[in-house]
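Here is a brief report on a protein model. It moves from the overall fold to helix packing and then to single residues.

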Amino acid sequence: MDAVKDFEGRVAFITGGASGAGLGQARVFGRAGVRVAIADVRADALAGAVDDLAREGVEAFPVVLDITDRAAYARAADEVEAHFGDPITLLFNTAGVNGFGSIETMTYDDFDWILGVNLGGVVNGLRTIVPRMIAAGRGGHVTSVASVGGFEGSRMTGPYSAAKAAVISLMESFALALPAHGIGVTVLCPASIRSNISEAHLTRAAADASGVLTDDAFVESLREVYAHGMDPEHLALHLKRAIERDELYAIPYPEVRDDLERTFGRILDAVPDTDELDLEGAEQRLRALARFRESARARADATGAVT
Ligand SMILES: NC(=O)c1ccc[n+]([C@@H]2O[C@H](COP(=O)([O-])OP(=O)(O)OC[C@H]3O[C@@H](n4cnc5c(N)ncnc54)[C@H](O)[C@@H]3O)[C@@H](O)[C@H]2O)c1
């Protein structure tokens with residue numbers, strides 16, 4: 001599979017394109033000649049983003065969309081393809097929300113909102129647009145924005161970390177399937193971005209009960225953290241390079257290496273070299289798995305399916 005290196009004229013669908021990381025992507029890929037559609041749940045922010053981009057010579061097509069709404073997602077994709085007269089071949093699942101609060105106080109509403117947008121919204125993006133990309137047969141690239149938070153648990157952002165872990169896993173799975181269709185896959189895992197995510201709760205429908213902290217002092221302390229995050233354009237340039245190199249993981253934050261080493265080290269430490277209670281067990285399981293793979297491959301060869 002050839003990685004996407006020439007972006008000129010391709011059509012991109014960027015969720016969360018009105019702000020932060022998504023707006024940075026619209027700038028960077030728009031300047032590279034991509035025809036960008038920016039989708040966001042906030043109509044006012046979209047209008048502002050379109051104006052900002054236009055001043056910089058990037059003509060973006062705005063779509064008001066709540067990514068948790070599947071029917072609206074399909075209509076949005078139709079609208080974008082009709083507007084540009086070409087299929088979407090670059091998908092950026094970038095929209096996301098975060099909510100801070102102690103894991104033991106998070107409510108069903110909190111889980112539904114945070115998992116709904118960060119995981120459900122990405123599933124909807126993949127299910128709506130990937131089949132169109134495959135049918136169009138023009139290759140392309142799919143990016144989802146997860147987080148380094150997806151590699152470990154967090155007392156204060158439990159549902160968010162769980163959603164991001166699932167997105168990482170999903171992209172690992174798509175990366176096994178999409179290259180056969182000429183489509184690359186990247187999961188971008190940022191640590192901190194200069195963005196408006198400290199105000200994510202403002203996009204949320206009223207909740208009956210919530211453990212998410214939204215008092216002014218707390219939101220201000222979050223704002224201060226994100227004010228020092230990576231410039232969204234800078235982050236989008238890292239992403240562009242990862243797409244050009246067809247890299248599955250983009251984690252352009254040197255400061256997280258030690259934490260990741262500790263996390264993965266802890267996981268590997270749980271795997272013994274041998275199982276002294278069942279010395280033959282591992283061999284038997286591996287042989288069973290190899291037989292299963294062999295028969296699956298034979299079935300795929302017979303039916304022409306991709307395994
Ligand atoms: N800010 C960080 O430090 C950080 C760190 C790691 C990962 N991320 C991830 O980066 C991505 C972009 O976030 P950001 O930091 O640029 O925040 P942001 O708030 O500036 O931008 C996110 C955009 O998504 C939109 N959005 C929210 N819910 C939506 C919905 N249901 N449908 C459509 N649009 C919706 C918002 O209106 C907003 O414009 C998110 O997936 C986030 O989880 C952010």
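The text below covers overall dimensions, two helix pairs and three individual residues.

**Overall fold**

This is a predicted model. The protein has 9 helices and 7 strands. Its C-alpha trace spans about 65 × 50 × 35 Å along the principal axes. The radius of gyration is 21 Å; a compact globule of 307 residues would have one near 19 Å, so the two agree. Of the 307 residues, 38% are buried. Contacts reach far along the chain: among those between residues at least 6 apart in sequence, 75% join residues at least 24 apart.

**Helix packing**

Two packed helices are described by the angle between their axes and the distance between the axes. Two pairs are set out here.

| Helix pair | Axes come within | Crossing angle |
|---|---|---|
| α1 (residues 20-31) and α7 (residues 232-244) | 8 Å | roughly 60° |
| α3 (residues 70-84) and α4 (residues 108-136) | 10 Å | roughly 35° |

Take α1 and α7 to begin with. Their axes cross at roughly 60°, and the two helices are therefore oblique to each other. The crossing is right-handed. On the α1 side, the contact is made by G20, A21, L23, G24, Q25, R27, V28 and F29. On the α7 side, P232, E233, L235, A236, L237, L239 and K240 take part. By class, the residues of this contact divide into 9 nonpolar, 3 polar and 3 charged.

Now α3 and α4. The crossing of α3 and α4 is right-handed. Helix α3 contributes R70, Y73, A74 and A77 to the contact, and α4 contributes N124, T128, I129 and R132. The contact of α3 with α4 has 4 nonpolar, 2 polar and 2 charged residues.

**Three residues in their settings**

V187 sits in strand β6 (residues 183-188). Is V187 buried or exposed? The neighbour count decides: 27 other C-beta atoms lie within 10 Å of V187, so V187 is buried. The cut-off for a buried residue is 20 or more such atoms. Beyond its neighbours within four places in sequence, V187 is in contact with S144, A146, V167, I168, M171, L248 and Y249. The C-alpha atoms of V187 and G22 are separated by 14 Å, although the two residues are 165 residues apart along the chain. G22 falls within the range of helix α1 (residues 20-31).

Q284 belongs to helix α9 (residues 281-303). Q284 has 10 C-beta neighbours inside 10 Å and therefore counts as exposed. The exposed class ends at 12 or fewer. Q284 and D78 are 206 residues apart along the chain, and their C-alpha atoms are separated by 50 Å. D78 falls within the range of α3 (residues 70-84).

D246 lies in the loop between α7 and β7 (249-250). With 17 other C-beta atoms within 10 Å, D246 is partly exposed. What is the phi of D246? The value is near 55°, which is positive, and D246 is a residue other than glycine. Most residues other than glycine have a negative phi.

**In brief**

The protein's radius of gyration, 21 Å, agrees with the compact-globule value near 19 Å. The α1 and α7 crossing is right-handed, and the α3 and α4 crossing is right-handed. V187 is buried, Q284 counts as exposed, and D246 is partly exposed.

Key
Residues numbered from 1 in each chain as written. Predicted model: local features only at pLDDT ≥ 70, side-chain atom pairs only at ≥ 80, totals over all residues. Helix = DSSP H or I, 4+ residues; strand = E, 2+ residues; numbered from the N terminus. Rg over C-alpha atoms; globule rule 2.2 N^0.38 Å. Contact = placed C-beta atoms within 7 Å. Axes fitted to C-alpha atoms, helices over the stretch in contact; angles between N-to-C directions. Parallel < 35°, antiparallel > 145°, perpendicular 65-115°, else oblique. Left-handed = near helix turned anticlockwise from the far one by under 90°. Nonpolar A, V, L, I, M, F, W, Y, C, P; charged D, E, K, R; others polar.
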